[in-house]
Amino acid sequence: MTSDSGARPPLDKARLAGANPELLPDLTIEVVDELPSTNAAVAQRALEGGPDGLVVVAEHQSAGRGRLDRTWETPPGTAVTFSLLLRPTTPTRAWPWLPLLTGYAVDKALTSVGLEAGVKWPNDVLIGDKKVAGILVERIETPDGPAAVVGVGINVGLRSDELPVPHATSLEIELGRPVDRTDVLVAALNAIREAFDAWEAGGDLNGMRLADSYAAACVTVGRDVQVDLPDGSVLAGRATGIDPAGQLIVESYGVRRAVSAGDVVHVRAAE
Ligand code: BT5
C-alpha cells in the first residue's frame, strides 16, 4: 500500500467546529491528526464521562480496528474515520440494531454524493461487490451506564494502488473524481444521528419497520450465502430476510435459522 497524502486537502476543521447549521445538534466534533483508533479514543472518553454526541475524527489511524481483532487500514488523509459516542436509552437487548442502523445511514449518506451503495449484513457498506465502508460498534460499561461507540471508516480518496485489500473500493474510484471528505463526514454524521434519534424515539425506524427498511437496502437478502460461525462450522443457505431483532434469516434445506451478528465470523456469497 503506498501513500501520497501530501496532495490531499485536510478535513475542514472550521466547518466541523461549533454551531454549524449544516450539522444536526447534539454533535460535538473533535478532529485529530493521528491516533491509534478512534474507537479506542472514544471508549476512553466514554469511561471518563464523555457526552452523547461526542465525535472523534482522525486524519489517520495507526491501528484502526475491525471486528474480531481484524484491522482497518487507510492511508493518511484519504478516508473518513470517526467514532461517535451514543448513550442510548433503548434497552441493550435492542442494541444489535446499532451497527445495522449505522450501515443503513451511511448507505443513505452516500447517495448524497451520487453513489448507489448497499449494505451487507451485518456491518459493511458495499458498492457492487466491493467494500467502501466498515462499521464497528462496541458496547462500553461506564459509570454513567452502558454506552455505544459507533466507529465508521469510509474509503473516500484512496486510489487503486492504495486499497488495503482487493475487495475494497473508494468513492473516488467509483465516481472517477475527487470527493470532499468533509462533505462525506457531515452527510454521514447527520444520517447516523437522524437514524439513531428516530430509532430511540420508537418511530418508523424501529422493530419490524426498521427490519423492512434495512432488508430493502441489504444486498445479502435474497442471496445464497455461507456463514462462518465461531465454532468453525459453516451455515450454507439462502438469506431470506432480517428479523425484528436484526438477525439474518438463513433458510437451509427447509429449515429457517436466525443468526445474530455477534455469532458470525464472515458472511460470504455462496460459491
Ligand atoms: C469492519 O470490520 O469493517 C469495521 C471497520 C471499522 C473501522 C472504523 S474506522 C473508525 C473506527 N475506529 C476503529 O478503530 N475502527 C472504526 P470487519 O468487518 O472485521 O472488516 C475488517 C476487514 O476489512 C479486514 O480484515 C480487511 O479484510 C478489510 N479491510 C481493512 N481495511 C479496509 C478498507 N480500508 N476498506 C475495505 N476493506 C478493508
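This passage describes the surroundings of the ligand and some backbone features of a predicted model. Local features rest on pLDDT of at least 70 and side-chain atom pairs on pLDDT 80 or more, whereas totals for chains, interfaces and linings use all residues. Residues are numbered from 1 along each chain as its sequence is written, and side-chain values use heavy atoms, with hydrogens and water left out.

Around the ligand there are 30 residues, of which Ser37, Arg65, Arg70, Lys131 and Asn155 come nearest, a residue being near if one of its heavy atoms lies within 4 Å. Polar contacts (pairs of N or O atoms within 3.5 Å) include one between a ligand nitrogen atom and an N or O atom in the side chain of glutamine 61, at 2.8 Å. Ligand oxygen atoms are also engaged, one lying 2.9 Å from a polar backbone atom of arginine 67 and one lying 2.7 Å from a polar side-chain atom of arginine 70. Of the 790 Å² that the ligand exposes when taken alone, the protein buries 93% (Shrake-Rupley method, 1.4 Å probe).

Departures from the usual backbone geometry occur in two loops. Most residues other than glycine have a negative phi, and most peptide bonds are trans. The bond from tryptophan 121 to proline 122 is nevertheless cis, with omega near 0°, and proline 122 is placed in the loop between β4 (118-120) and β5 (124-127), strands being DSSP runs (E, at least two residues) numbered from the N terminus. In the loop between β2 (54-61) and β3, leucine 68 has a positive phi near 50°, and aspartate 69 has a positive phi near 65°.

Methods. Polar contact = N/O pair within 3.5 Å; in protein donor to acceptor, adjacent residues only side chain to side chain. Helix = DSSP H or I, 4+ residues; strand = E, 2+ residues; numbered from the N terminus.
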